[in-house]
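Q: Please take a close look at how the strands of this model are paired, and then at what packs around them. I would like one connected account that I can follow with the structure open beside me.

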Amino acid sequence: MNPKLENQIIYSIYVRNHTKEGTFQSIEKDLDRIRSLGVDILWFLPIHPIGNKGKKGSLGCPYSIQDYRKVNPDYGTLEDFKHLVNEIHKRNMKCIIDVVYNHTSRDSKLLKEHPDYFYKNEKNEFGNKIDDWSDVYDLDYNNRSLWDYQIETLKQWAGIVDGFRCDVASFVPLAFWKEAVKQVKTINPDCIWLAESVHAGFGQEARKKGIYSEYDVNLFEAFDIEYEYDIRETFEMVLEGKWDCTNYANALNFQENFYPYPYNKMRFLENHDTKRIIEYVKEEGPLINHTALLYFLKGSTLLNAGQEFVADHTPSLFEKDVIERNTNKDISGLLARLSEIKHNVLSYDDFFEAKVYDSDIMVCTRENKQAKKVGIFSLKGNAKDVFVDLENGVYVNEIDQQPVFVVSNTLHCDGWPMILSKRKE
């Protein structure tokens, strides 16, 4: 596990919908702009050929993979992809690709060549354990030959890319992931492993039905980074106004005291499977506060393509649906500044604590032996006097470089986010 990944910014790209062309080559012209956001890692949703049998929509779902070892010809050639990765590296960014190892398409190369690698239901038919995933067949990891094939595939890609985002990693045996990590290290010792650990409720329902779903705390035995889906349901209840943000603060504090150090939960306001954050948080002030809080939290930060333009439409996975780029709503400058703070002010070895002041202002502290950092985030954009655990004096808001006065352990929050830092002597 590499704790320094906690201060990294990840940007997700779905090749089909990132540009009008929807190709590897067309993404190269966007790399400088993406890098200017402070991005460290580009994550590509599946780049492989998509199955046709039972496909969703007119173009099919990228998570219904036909061949793990090839690239989707609609995106270009393998050489095109290698050239793109090289351009990413030239800009001091890394590249990770999606690994979808729970299932394949219903017309996959693997099914044709190795039907014994696949799960069969009570009727002794190929199928899947999750009803909604109607375009795929599940794999059966009781067959150790499948392990060899999958790990060999990972080793091939590890010679090209810098790591893997592993789809529904909780549903694939932890023992497999640990063996994969061990073997891939022979190709790339610094390989990045990101687990899509599932929602707490989803995992619980799966286990009730007898479906294997590994616990998040155990997944850290193999993975560097995990999704924060263990508390996502709490966050969405707060966004919907059903719960007070104290519930979210308590969930963050629980993570800090439950997961062994150094744990890394990938933080996000949105991703390709969720609603856009603007559907929940429609006003500028609250949106800016939520965005600043996102960067202040411990863990790698995910930017969903289009988030920098406050896009309000989630592109379809199954159709050509190019992301919106509304320059009138562009918050790229803010994201770049928050990235600088993430990289240079905050530290992966900080202890984190969240408190709520007057029901809607999150006051978060990050502290290590060198410095104390305090973030004030007015999640509804309200202006209030706020109690903070800081000595009296004049501080500088790291976001806009404006002075902030603390008197009697109180400062005035004008409704916009603040991040204050004090070095320890």
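A: In this predicted model, strand S15 (residues 393–396) and strand S16 (residues 403–406) pair in the antiparallel sense, with 4 bridges between them. At one of the paired positions, Gly-393 of S15 stands opposite Val-406 of S16. The two strands form a hairpin with 6 residues between them, and in this hairpin Gln-401 takes a positive phi near 65°.

Another set of strands can be followed from here. An open sheet is formed by 4 strands in the order S11-S12-S13-S18, and their pairing is antiparallel. Strand S11 (351–357) and strand S18 (418–423) are the edges of this sheet, and because each has a single partner strand, one side of each is left without a neighbour in the sheet. From one strand to the next, the twist averages 15°. The antiparallel pairing of S11 with strand S12 (residues 361–367) is made by 7 bridges, and within it Phe-351 has Glu-367 of S12 as its bridge partner.

Two helices accompany this sheet. Helix H11 (residues 245–258) packs on the sheet by touching S11 and S12, and the direction of H11 makes about 165° with that of S11. Helix H12 (residues 284–296) lies across S11, S12, strand S13 (371–378) and S18, and runs at about 155° to S13.

The nonpolar cores lead back to several of these strands. The largest core has 118 residues, and Met-362 is among those with the most contacts inside it, together with Leu-42, Phe-44, Phe-81, Phe-164, Trp-177, Trp-193. A second, separate core has 14 residues, including Ile-361, Val-374, Val-406 and Leu-420. Val-406 is also the residue of S16 that Gly-393 stands opposite.

Two residues of the largest core can be followed further. Phe-44, leaving aside its neighbours within four places in sequence, is in contact with Ile-13, Val-15, Ile-27, Phe-81, Leu-84, Ile-88, Cys-95, Ile-96, Ile-97 and Asp-98. Trp-177 belongs to helix H7 (residues 174–184), whose buried residues are Leu-174, Phe-176, Trp-177, Ala-180, Val-181 and Val-184. These buried residues cover an arc of only 155° around the axis, which puts them on the same side of H7. Among the elements that cover the buried residues of H7 are strand S3 (94–99), helix H6 (144–158), strand S6 (163–166), strand S7 (192–195) and helix H9 (216–219).

Technical notes:
Residues are numbered from 1 along each chain as its sequence is written. This is a predicted model: local features need pLDDT of at least 70, side-chain atom pairs count only at pLDDT 80 or more; totals for chains, interfaces and linings use all residues. Side-chain values use heavy atoms; hydrogens and water are left out. Two strands pair if DSSP finds at least two bridges between them. Axes are lines fitted to C-alpha atoms, for helices over the stretch in contact, and angles run from 0 to 180 degrees between N-to-C directions. Contact means heavy atoms within 4.5 Å. A nonpolar core is a set of buried Ala, Val, Leu, Ile, Met, Phe, Trp, Tyr and Cys residues joined through side-chain atoms within 4.5 Å. Buried means under 20% relative accessible area, exposed over 50%, partly exposed in between (1.4 Å probe, protein chains only). The arc is that of the directions from the helix axis to the C-beta atoms.
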